[in-house]
Amino acid sequence: MNRQKFLKCSTWILLPLFLLVITFSCRKDNDQAQTIKGGVAVIKMNLKGIDDGSGRDNQLQSNSISTTSASNFPSQKENSTEVARIPLEDDYYLIATATEGDLSSDNSAAQQLKASGGSVTVKNTKTITNGSKFRVLIYDDKNILVDQKVYTAGNTKPDDHKELQLEGGSTYKFIVYSYNTTEIPPAISASDPIVDVSGNKDLLYFTKQFTVSGETVNNLDIVFKHKYSKINLNINSEEIGPITKIQASFTPHYVSNSINLLTGMIDYDKTAVNLPIDNFTGINTTTLTASKLLATPTSVDSATLVIASLTAGATAQVNKTVKFAIRPGVETTIDFRVSRIATVNIQQVASGEFHTLAISAGGEVYGTGKKTNGSMGATKGYDYTTGFFGIGADQYFLSFRKLIGPTNIKRIAVGTESSFVLTNDGELYATGWGNSGQLGLGNTKKINSFTKVNFLGGTIKDVVAGFRSTYILTEDGQVFATGRNVSGQLGLGDVKDRNNFIKVNSLDTYNIVEIATGYDHTIVRTADGKVLGSGLDTRGQLSGIGDQTVFKEIPVKEKAKGISTGTNHSFVLGTSGKVYATGQNSEGQLGIGNTTDQKELIQVTSVNESVKLVRGFNSHSFILTTTGRLYGTGNNAEGQLGTGDNISSNKFSRTATLDKYFFTDILIGSGSRATIVTSTNGDIFGTGYNLGVLGIGSRPNVNTFRVLPLKLK
């Protein structure tokens with residue numbers, strides 16, 4: 001009877017204690033603020049994933065192109081860098097781009113980490129395959145080995161089924177390592193933390209020191225990092241034919257290495273070897289892939305890929321090498337693409353925000369860049385499968401292609417997803433996006449082939465295309481306009497869009513020689529040096545004359561010999577060679593040393609030379625001096641200033657990367673985020689936003705001027 005009373009009483013005593021233990025076990029992550037207690041501390045291993053080391057944010061890639069809906073762009077590797085352009089035969093090139101980080105990384109691991117409330121933060125993670133073995137070492141605060149245990153990914157307990165228990169209130173250093181396979185990592189002795197590790201094994205490593213708390217469960221969030229580099233290799237040969245043979249290797253590669261697990265430092269082999277790439281998949285197709293681990297110390301600035309032989313289509317290539325930067329622990333993908341990039345002899349080139357056109361010496365039109373909405377003409381009967389690579393590739397040409405349409409062309413103009421060509425016979429043809437009537441064809445339809453514009457207003461001298469509005473300048477100085485007119489930028493006395501070219505009567509008494517159009521404003525220059533404007537003036541782009549629906553004279557400091565517009569800013573070039581700027585300046589695009597909008601024309605003093613011409617773009621600007629030098633200012637996020645970096649500027653600075661060249665022209669492109677210039681020797685250079693706009697055979701933006709496959713004759 002006494003025994004029964006004792007058991008009953010014990011049950012009532014033990015039940016609250018059990019509930020108390022359960023309460024302490026249901027804790028948040030160990031790193032959150034809590035009271036550290038003595039007693040027995042249970043340590044649980046919580047695998048969070050493998051950090052790819054790139055530092056990329058755990059978000060969808062390439063969906064932040066400014067001013068344009070991200071849905072209009074294909075997925076692309078936004079941190080790609082072109083590392084090689086190897087000439088092959090018949091104008092073909094092997095173009096290589098390098099990208100840090102594994103783009104197939106699993107977002108779920110990072111999402112789970114966020115949800116756990118833990119303090120461990122990683123940019124991009126991959127999950128660890130269940131069944132992979134990892135070893136945990138525990139050192140006390142005097143670096144004395146306390147314990148070591150082997151775990152299996154997917155199980156919460158160690159392989160010996162005995163919980164890891166430590167002394168609460170004490171500080172320990174945890175070291176975790178794995179080969180990311182079912183192989184058990186080697187044990188260490190208490191006196192020697194160094195183990196041998198092959199350069200051919202994917203060594204994962206993690207370390208953390210913290211004070212454990214007794215009477216509760218302590219969760220150790222483990223985010224592994226690679227100690228070696230994984231190199232992914234992709235080769236696309238769609239333009240030339242299937243790859244039937246390849247022999248390639250990486251160097252340098254170090255095999256017999258060791259690691260001090262306490263410090264994480266690797267002692268590399270004294271002798272490097274070539275690492276054969278023997279696991280290609282896709283032989284006899286146009287897409288090959290392979291992956292290899294590359295063990296290379298930090299002191300090595302670059303690795304080299306050696307292609308000893310490559311047979312694609314009927315072409316055999318030998319001994320091609322590519323050098324690329326490598327960081328231990330960072331996954332790197334090398335994408336190769338075989339592309340034909342022929343140099344076209346041209347007489348004119350024109351560029352817009354999304355595509356570029358060029359007229360060959362024989363009067364044929366070539367195009368590159370975005371081709372959706374019919375912006376470069378007909379698609380039927382044309383092989384549009386070439387020149388692309390990856391998701392959304394059918395929307396773009398990456399290099400110049402001869403277009404279907406009229407020949408004997410003398411002038412071209414590029415608008416926002418629209419194109420215009422003027423023949424030597426005086427006929428005008430238009431194609432592309434016509435939703436505001438900008439094609440002047442009497443409707444607002446999208447047109448997929450070059451279609452003749454019925455224009456009866458005289459002999460056409462020039463065509464100026466902008467953001468959904470288009471202007472014709474005739475030989476006798478008259479202006480005709482069509483398209484978007486919501487702000488009165490057509491100068492027709494109202495804010496109604498037009499779908500036919502209408503004569504601009506507010507300019508009847510002027511002899512117009514130049515037209516420049518921005519997003520919602522237009523300015524013109526007369527033969528006697530006057531400047532007139534119509535449209536919005538909210539940012540000062542009309543120099544303070546106010547919003548206008550008819551062209552009104554803009555007060556100028558001196559007679560004008562040139563004009564230009566950016567998206568919301570304007571320039572006037574005086575006969576003295578001085579430049580005056582007005583309008584939006586939030587990116588420093590006016591080049592006046594600050595980022596304050598200007599409500600009236602102000603002289604630009606950051607260029608001390610006489611100016612030949614000035615060009616405004618989306619949010620950057622360029623000046624060409626009479627000595628042939630280039631100066632740029634404004635937004636440089638996409639490399640449009642060509643300075644070799646992405647640092648913006650608020651005053652015109654000389655483009656030092658082109659010091660050995662002299663230039664003759666800067667292409668007009670008020671909405672463009674790229675810059676294209678022509679040199680005295682006929683070479684044409686481009687920089688900035690790409691996705692095919694530059695026609696250099698690749699997608700990534702470039703931040704230094706590159707020679708384009710065009711030659712001005």
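User: What average pLDDT does the chain have?

Analyst: Good place to start! This is a predicted model, where local features need pLDDT of at least 70, side-chain atom pairs count only at pLDDT 80 or more, and totals for chains, interfaces and linings use all residues. Residues are numbered from 1 along each chain as its sequence is written, and side-chain values use heavy atoms, with hydrogens and water left out. pLDDT is the predictor's confidence in each residue, from 0 to 100; 85% of the residues score at least 70, and the chain average is 86.

User: How many contacts beyond near neighbours in sequence does the stretch 1-33 have in the model?

Analyst: Be careful with this stretch, since its pLDDT is below 50. Where pLDDT is low, the predicted coordinates should not be read in detail. Counting a contact as heavy atoms within 4.5 Å, the number for residues 1-33 is 23.

User: Which strands stand at the edges of the open sheet S41-S42-S43-S44?

Analyst: Strands here are DSSP runs (E, at least two residues), numbered from the N terminus, and two strands pair if DSSP finds at least two bridges between them. The four strands of this sheet pair in the antiparallel sense. An edge strand has a single partner, so one side of it is left without a neighbour in the sheet; here these are S41 (611-616) and S44 (649-654).

User: In the pair S42 and S43, which residue of S43 stands opposite Ile 623?

Analyst: Strand S42 (residues 620-625) and strand S43 (residues 630-634) run antiparallel and are joined by five bridges. Strands of a sheet pair through backbone hydrogen bonds, either parallel or antiparallel. Across from Ile 623 you will find Tyr 631.

User: What is the order of the open sheet of eight strands?

Analyst: Its pairing is mixed. Strand S24 (396-402) and strand S45 (663-666) are the edges, each with a single partner strand. Within this sheet, S46 (residues 674-679) and S47 (residues 683-688) pair in the antiparallel sense over five bridges. Written out, the order is S24-S23-S22-S21-S48-S47-S46-S45.

User: Which residue meets Glu 514 in a salt bridge?

Analyst: A salt bridge is a side-chain nitrogen of Lys or Arg within 4 Å of a carboxyl oxygen of Asp or Glu. Glu 514 lies in strand S33, and its partner lies in strand S34, so the pair ties together parts that are 11 residues apart in sequence. A hairpin joins these strands through three residues. With 2.8 Å from N to O, the partner is Arg 525.

User: Is Glu 514 buried or exposed?

Analyst: Buried means under 20% relative accessible area, exposed over 50%, and partly exposed in between (1.4 Å probe, protein chains only). Strand S33 (residues 512-517) is mostly covered, with five of its six residues buried. At 16% relative accessibility, Glu 514 counts as buried.

User: How many residues apart are Glu 163 and Lys 44?

Analyst: Their side chains meet in a salt bridge, 2.8 Å from N to O. Glu 163 is partly exposed at 26% relative accessibility. Glu 163 sits in the loop between S6 and strand S7 (164-167), while Lys 44 is in strand S1 (residues 40-51), so-called distant parts of the chain, and the separation is 119 residues.

User: In the pair Lys 292 and Asp 278, which residue counts as exposed?

Analyst: These two form a salt bridge, the closest N and O atoms being 2.9 Å apart. Lys 292, at 19% relative accessibility, counts as buried. At 61%, the exposed partner is Asp 278.
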